[in-house]
Amino acid sequence: MGKEDTSAKKRRKLNNSSSEISKQPPVDVYKRVVEFEESEAQSRSAEKDAILFKKFCQDVRQLFADIAELKAKGTNESKEKINAKRVEASLLLVALKKLNRLEKVRTRAGRDALNKEKQRVDSTHLLLQNLLYEADHLNKEVTKCLQFKSKDEEIELVPLEDFYKEAPKDISRPEITKNDEHQLQLARLEWELRQRRELAGACNELVSSKERVSAAIAAARSRLVALAPHLRDVLKATKPLQECLALRLDEKRDETRAASLLPPPLFLLYANGSAYSDVLGAAHVTVGISGDEDEARRLDQLNTSIENDILVSNDSDSDQDNIDDDQAEKKKRYHRTTKISKEEKAEAKKKQVLQKHPLNVQISVKIEDGTALNLIFFYLVNLKIVVVKFIMSFPRPITGVSAADVLNSDSILNELYPGDNGNDSPHPATTYLLNAAGVTDHFQNFIPEVGRPYIWAQRMCGLDFMAIILDDPKQYKPIVPSQSLSVVTVENFIFTIKKRLEARVELMKELQDLESGKILPIKNNTPIRLSATLTQWQSVGWPEYSQSPSTAFLIAEGLVTAENMLYRAIVTRQSAKLVALVALSSDYPKKAPLFSLTLDWNGTHHAGVNDDVRDIERLINTNWDTNDSGPQTLSAQMTKLLTSIDILLETSGSVEFPPDKVMLKQVRGRNRMKPYKILKQGPGLFVQY
Amino acid sequence: MLDKMLYNTVLCQTYSPCGKYLIAGNIYGHIAVFDLDAILHPVIELLTPDYNKPKHLHLLENKTQICSLATTDNFLIVGTVNEISGWDWKAVVQSKLSKPAWTIKISNQLKIDETDVNSLWFNKEENKIYAGCGDNKVYVYNLEDGRRLNTFDGHKDFIHSIHGRGKQLISAGEDGLVMLWDTRMGKSHNKLEPHKKANISRPEIGKWIGSVALDEDWIVCGGGPRLALWHQRSLDAVMVFDIPDRGIHVSFFHEDCIVAGGAAKHLYQLSYSGEVKVELPVSATTVYSAELRTSPNKLLAIAGSSPEIDICTSFKYRDQVLHFR
């Protein structure tokens, strides 16, 4: 039955197909077949086809089983039946094939549909992505816009109140701007712009006027430059006139030019010194510059170019030196022959460190009788101190050995100010600088060579080393010469040195007299007949002075040192001989001379063993007997000495010395004091107290 | 000009009754008060460089030389020129010296002639002060009312030194005389003239007697003439001391010894037999004052023509040096 069914179907199919074909023009058979198959596959249900397929398969299997059974029988009948059955089976196979094809078509159609759907989804997704990205970008743009800073915020605007006060109404428009902040800002910006424009205009005007002025200056300058040769000509023309009138204008000019090359300390000294020279007149003080000007100019240029370098590389230099030294030391161990060159090197180093500035300042101080002291101030470039040498000039030759010493020896400049003997550098860094330069000697050893570094000389040049010591020593700073210090010191010094010179000339005269045995009479004093005489006056050395037992006391008290000028006076009267060792301080007559006495009469007596000698020393060395504390001159003291020795001898009771002076009491008190004090009564009355 | 204190000369010294202070007077009219406690028992921590300088330095109003000093229980008695003054001890040890508690003027005929009070001796039992003066006289004053009780007149030149014992007083002067006085009678009953004895006199120094002292039986004196020990009753020079001096200014008895000094390098302690027991080196060129005490502690202060005063606690050697300047 099934078979029939299928054949029926087939037929119908065939009919259908044939009818369709017949109906439609045979355009493209294959295409039509495909279309047909597709529509057929669509219209049929897949489940039903599956059941049909299973049934056909069952039928085929049944047919094959029947054939096999029939074959086994082997009859003709059966052969026919087999044929029939074979046909039937073949038809079934065809139907199976058709079903398979239909299924295939259907599968393909499903797959195509799926792909189509997938593509649609993909494109939709892509669209979505694009939209999201766009949205994001727009968001960013929005924030950017929100964060935008306008240029106008950076502009400093006039404060609000000022704006309303100053701006014209058409800009400020208060009725709008008071309420609208944006408008206010715009208005203010506008006001600002207008103001700035105005200012820029003013600025341009000023610039142009400045250019005009500078052009005028340049013109004037060029005119002045053109003037210079003319002036030079004029100067040349006036030269004969100057010579004729004995004016020192040219020299002054030369000196001023040289002064500009002086190192700052010496320049200060020169400036202040010449100021005083102008005030006091050339007869008292003259100031000059001497030395190699070209050398100075070269040094000046050198200094300005390397000044900064030195400051920086100073330390490293000294280190380098040390290393060099070390190496030299090492070498020396192996090569003893290098010794000589080393000495030369040391000499060169010494020269280098003690280098003087090529220019020096000369100050000459003159006093009335014509004696002049020429002070030469040198500046040690590397040690940065000022040293002094001096030359004396006299109007007439000095007679007397000890007298000449008074004016010529170093002592004339000693103790001008207390404690200032110029024996060591006042600069605290000198030792360091010497060491750094590899010079092991102390500065004192170079003093005879370079000159004495008196503190007053430093101060005259405005250098005050005390100030540095007081400051933090670690904090090195270059010393700047002080103008005010120099002014004060130069004035003070000129008067001090004049006084000293006058005192020395006075002393020299006194000494000349003393050497010839004369003692100047003292003014407003009653003359006393003196029997003792000065028989000798000469200078002595420290060894002789210090060995005398009479001076032990003064030396022990530190009142006399080797710095003092020392003399020996011998006073005699008949058999008595008095030796007086006199120590004169550099500061004479401010400090009185100190006498140490030794009396040779009935044995040797000095103040250490004899009260009478001690009493005389007290009288001469202290101002016990006078009420005025004024300075005592050497002559006055010598007179006192002679008087006292007369008194001592005359009160001794010896027949050799008859008393011829009026004494109230020859001795008085338990200490049996002799009347050394003189009362100004009549011819002079001698008393003890 | 030097400070005159470098040439200081101390003429006299004394101790305060409490024993704490040494007082010294010089020719410039200064009275120096040394605090002995601080000097002898210094506290090392509190030691200052000027510990051996005077605690106080008083300058007398008239600035005359201070010739002599004496101590009573209540007063420091100062003999200067033309007057003797007494200061309360309390006033002396203050930093500023007030006016003296009392003053005795010594009358003198000539205005210009000044009278030094060279030596003072205080008699405790009688409460009298004896003053050997520059006008050749010894005056006796009652310390109760300051009245002059007596005048011993006999010397022909100024008196260097006086000393007393009981009813006896002895004086020595520039005239070379040593006179013994009876204090009750006010008369001299004996006198010595050492310069007239050949083995004692030293004419090159002078005939003056610088110092004299009394013991029960003995007199010691010296000056220009040599230091000698005399027997009081027989007035014989029993012992002439051979010491290298150029004049004696200090001599006194102390425990079977004689202490003597003057223009010499040493202060000597001598036995009656002439033996030199101790030679004390001194700072002064000439010793004008040596003050010895045994209570509250042993102390000897030696001063003279020097700004230094030597202090000995053992009497054997110099312990310390004080500076009177």
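**Group meeting: the chain A and chain B complex**

In this complex, 35 residues of chain A are in contact with 34 residues of chain B. Keep in mind that this is a predicted model. The predictor gives the complex an ipTM of 0.93 and a pTM of 0.67.

Let me stay with the interface. Chain A and chain B bury about 3,100 Å² between them. Carbon and sulfur atoms carry 52% of that area. Which three residues give the most on the chain A side? They are Arg614(A), Arg670(A) and Arg672(A), which supply 26% of the area that chain A buries against chain B. No other three residues supply more.

Now the polar side of the interface. There are four salt bridges across the interface of chain A and chain B. One of them pairs Glu114(B) with Arg668(A). Their closest N and O atoms are 3.2 Å apart. Polar contacts across the interface come to 22 residue pairs, with both residues at pLDDT 80 or more.

Where does the chain A side come from? Helices α20 (552-556) and α21 (611-621) of chain A each supply at least two residues. The largest share comes from α21(A), with six residues. By class, the chain A side has 14 nonpolar, twelve polar and nine charged residues.

Next, confidence, chain by chain. Chain B averages a pLDDT of 91, and 98% of its residues score at least 70. Within chain B, strand β1 (residues 10-15) is highest, at a mean of 95. Helix α1 (residues 36-40) of chain B is lowest, at 87.

Chain A averages a pLDDT of 80, with 85% of its residues at 70 or above. Strand β8 (residues 594-600) of chain A has the highest mean among the elements of that chain, 92. Helix α1 (residues 2-23) of chain A has the lowest, 47. Two stretches deserve a flag. Over residues 1-21 of chain A the pLDDT is below 50, and this stretch has 14 contacts in the model beyond near neighbours in sequence. Residues 471-475 of chain A are also below 50, with one contact beyond near neighbours.

On to the fold of chain A. It has 22 helices and twelve strands. Of its 689 residues, 36% are buried. Take the contacts between residues at least 6 apart in sequence: 63% of them join residues at least 24 apart.

Salt bridges next. The structure holds 38 over all chains. Arg529(A) bridges to Asp660(A), with the closest N and O atoms 2.5 Å apart. This pair links distant parts of the chain, 131 residues apart. Arg529(A) sits in the loop between α18 (483-515) and β5 (533-539) of chain A. Asp660(A) sits in the loop between α22 (634-650) and β10 (662-663) of chain A. Are they exposed or buried? Arg529(A) is exposed, at 59% relative accessibility. Asp660(A) is partly exposed, at 34%. Both belong to a network of salt bridges that also links Arg573(A), Asp646(A), Glu650(A) and Lys661(A).

Chain B has its own pairs. Asp217(B) bridges to Arg233(B), with the closest N and O atoms 2.9 Å apart. Asp217(B) is in the loop between β17 (209-214) and β18 (218-223) of chain B. Arg233(B) is in the loop between β19 (228-231) and β20 (237-240) of chain B, and 16 residues separate the two. Asp217(B) is partly exposed at 27%, and Arg233(B) is exposed at 64%. Lys128(B) and Glu126(B) form another salt bridge, with the closest N and O atoms 4.0 Å apart. Lys128(B) is partly exposed at 22%, as is Glu126(B) at 23%.

Last, three buried residues. Thr14(B) lies in strand β1 of chain B. At 7% relative accessible area, under the 20% cut-off, Thr14(B) counts as buried. Its side chain makes a polar contact of 2.6 Å with the side chain of Thr71(B). Beyond its sequence neighbours, Thr14(B) is in contact with residues including Tyr21(B), Leu76(B) and Glu291(B).

Gly164(B) is in strand β13 (residues 159-165) of chain B. Gly164(B) is buried, at 7%. Beyond four places in sequence, Gly164(B) touches Trp121(B), Leu169(B) and Leu214(B).

Ala167(A) is in the loop between α5 (160-166) and α6 (169-172) of chain A. Ala167(A) is buried, at 7%. Outside its sequence neighbours, Ala167(A) touches Asp162(A), Ser172(A) and Trp191(A).

Conventions: Residues are numbered from 1 along each chain as its sequence is written. Chains are lettered from A and ligands numbered from 1 in the order in which they are written. Side-chain values use heavy atoms; hydrogens and water are left out. pLDDT is the predictor's confidence in each residue, from 0 to 100. Helices (H or I, at least four residues) and strands (E, at least two) are DSSP runs, numbered from the N terminus. Contact means heavy atoms within 4.5 Å. Buried area is the accessible area (1.4 Å probe) that two parts lose on being put together, summed over both. A salt bridge is a side-chain nitrogen of Lys or Arg within 4 Å of a carboxyl oxygen of Asp or Glu. A polar contact is a pair of N or O atoms within 3.5 Å; within protein, one must be able to donate a hydrogen and the other to accept it, and residues adjacent in sequence count only if both atoms are side-chain atoms. Ala, Val, Leu, Ile, Met, Phe, Trp, Tyr, Cys and Pro count as nonpolar, Asp, Glu, Lys and Arg as charged, and the others, Gly among them, as polar. Buried means under 20% relative accessible area, exposed over 50%, partly exposed in between (1.4 Å probe, protein chains only).
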